[in-house]
Amino acid sequence: TTLYPDAIRQTLQGLSNVDDYYIEVTTDNFGMDDLIIHMAIKSMSIEVEKIIADSFRSHLRIVPKLTFNTKSEIQAVKNNLKSRKPIDFVDNRITI
């Protein structure tokens, strides 16, 4: 399945519970791409997690791994000192 970062961003921006986020792509043990969404949400509950997963399922047809962090942890990654602009897409795939 081909996923575009803008489609992921649109899905996240449509969720009122998501306070901040960044998207990470890694390589799993089988050499396949693995999508992880790191997010800070306003109030954590099982219902909120289900709403987020259902939104991804309906818009992108997949549910990526979801990790919940504090807003300060998200901001630390997004405002990396190596870049002048905030980063919301991190590519940690291994290239062979």
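## Starting with a buried aspartate

A residue counts as buried when its relative accessible area is under 20%. Keep that cut-off in mind, because Asp34, at 17%, falls on the buried side of it. One thing to know before going further: what you are looking at is a predicted model.

So where does Asp34 sit? It's part of strand 2. Leaving aside residues up to four places away in sequence, Asp34 touches Glu24, Val25, Thr26, Asp28 and Lys65. With Lys65 there is also a polar contact, side chain to side chain, at 2.8 Å.

## The sheet

Let's step back to the sheet that strand 2 belongs to. Here 4 strands make an open sheet, in the order 3-2-1-4, and their pairing is mixed. Strand 3 and strand 4 (89-92) are at the edges with a single partner strand each, so each has one side without a neighbour in the sheet. From one strand to the next, the twist averages 25°.

Now for one pair in particular. In general, the strands of a sheet pair through backbone hydrogen bonds, and they can do so parallel or antiparallel. Strand 2 and strand 3 run parallel, with 4 bridges joining them. If you want one spot to look at, find His38: its bridge partner in strand 3 is Thr67.

Two helices pack on this sheet. Helix 1 touches strand 1, strand 2 and strand 4, and its direction makes about 150° with that of strand 1. Helix 2 touches strand 1, strand 2 and strand 3, and its direction makes about 145° with that of strand 3.

## Helix 1

Which residues of helix 1 are buried? They are Ile8, Arg9, Thr11 and Leu12. These residues cover an arc of only 160° around the axis, so they lie on the same side of helix 1. A general rule helps here: an α-helix has 3.6 residues a turn, so residues three or four places apart point the same way.

Turn to the other side of helix 1 and you'll find Asp6, Gln10 and Gln13 exposed. As for what covers the buried residues of helix 1, the list includes strand 1, strand 2, helix 2 and strand 4.

## Helix 2

Helix 2 covers residues 46-60, which makes 15 residues. Does its length fit or clash with what you'd expect at 1.5 Å a residue? It fits: the helix should span 21 Å, and its end C-alpha atoms are 21 Å apart, so the two values agree.

The buried residues here are Val48, Ile52, Ala53, Ser55, Phe56 and Leu60. Their arc around the axis is only 155°, which puts them on the same side of helix 2. Their cover includes helix 1 (5-13), strand 1 (18-27), strand 2 (33-41) and strand 3 (65-68). The face turned away from that buried side carries exposed residues: Ile46, Glu47, Lys50 and Ser58.

## Just past helix 2

Right after helix 2 comes Arg61, in the loop that leads between helix 2 and strand 3. Arg61 is worth a look for its backbone. Most residues other than glycine have a negative phi. The phi of Arg61, though, is positive, near 70°.

Is Arg61 buried or exposed? Its relative accessible area is 75%, and the bar for exposed is over 50%, so Arg61 counts as exposed.

## A buried lysine in helix 3

Our last stop is Lys78, which you'll find in helix 3 (residues 71-78). Lys78 has a relative accessibility of 13%, so it counts as buried.

What does Lys78 touch, not counting residues up to four places away in sequence? Its contacts are Asp20, Tyr21, Tyr22, Lys85, Pro86, Ile87 and Asp88. Asp20 also makes a side-chain to side-chain polar contact with Lys78, at 2.8 Å. Tyr22 is another residue to pick out: Lys78 and Tyr22 are 56 residues apart in sequence, while their C-alpha atoms are 7.0 Å apart in space.

Key. Residues numbered from 1 in each chain as written. Predicted model: local features only at pLDDT ≥ 70, side-chain atom pairs only at ≥ 80, totals over all residues. Heavy atoms only, no water. Expected span 1.5 Å × (residues − 1). Buried < 20%, exposed > 50% of the residue type's maximum accessible area, 1.4 Å probe, protein only. Arc of directions from axis to C-beta. Contact = heavy atoms within 4.5 Å. Polar contact = N/O pair within 3.5 Å; in protein donor to acceptor, adjacent residues only side chain to side chain. Pairing = 2+ DSSP bridges. Axes fitted to C-alpha atoms, helices over the stretch in contact; angles between N-to-C directions.
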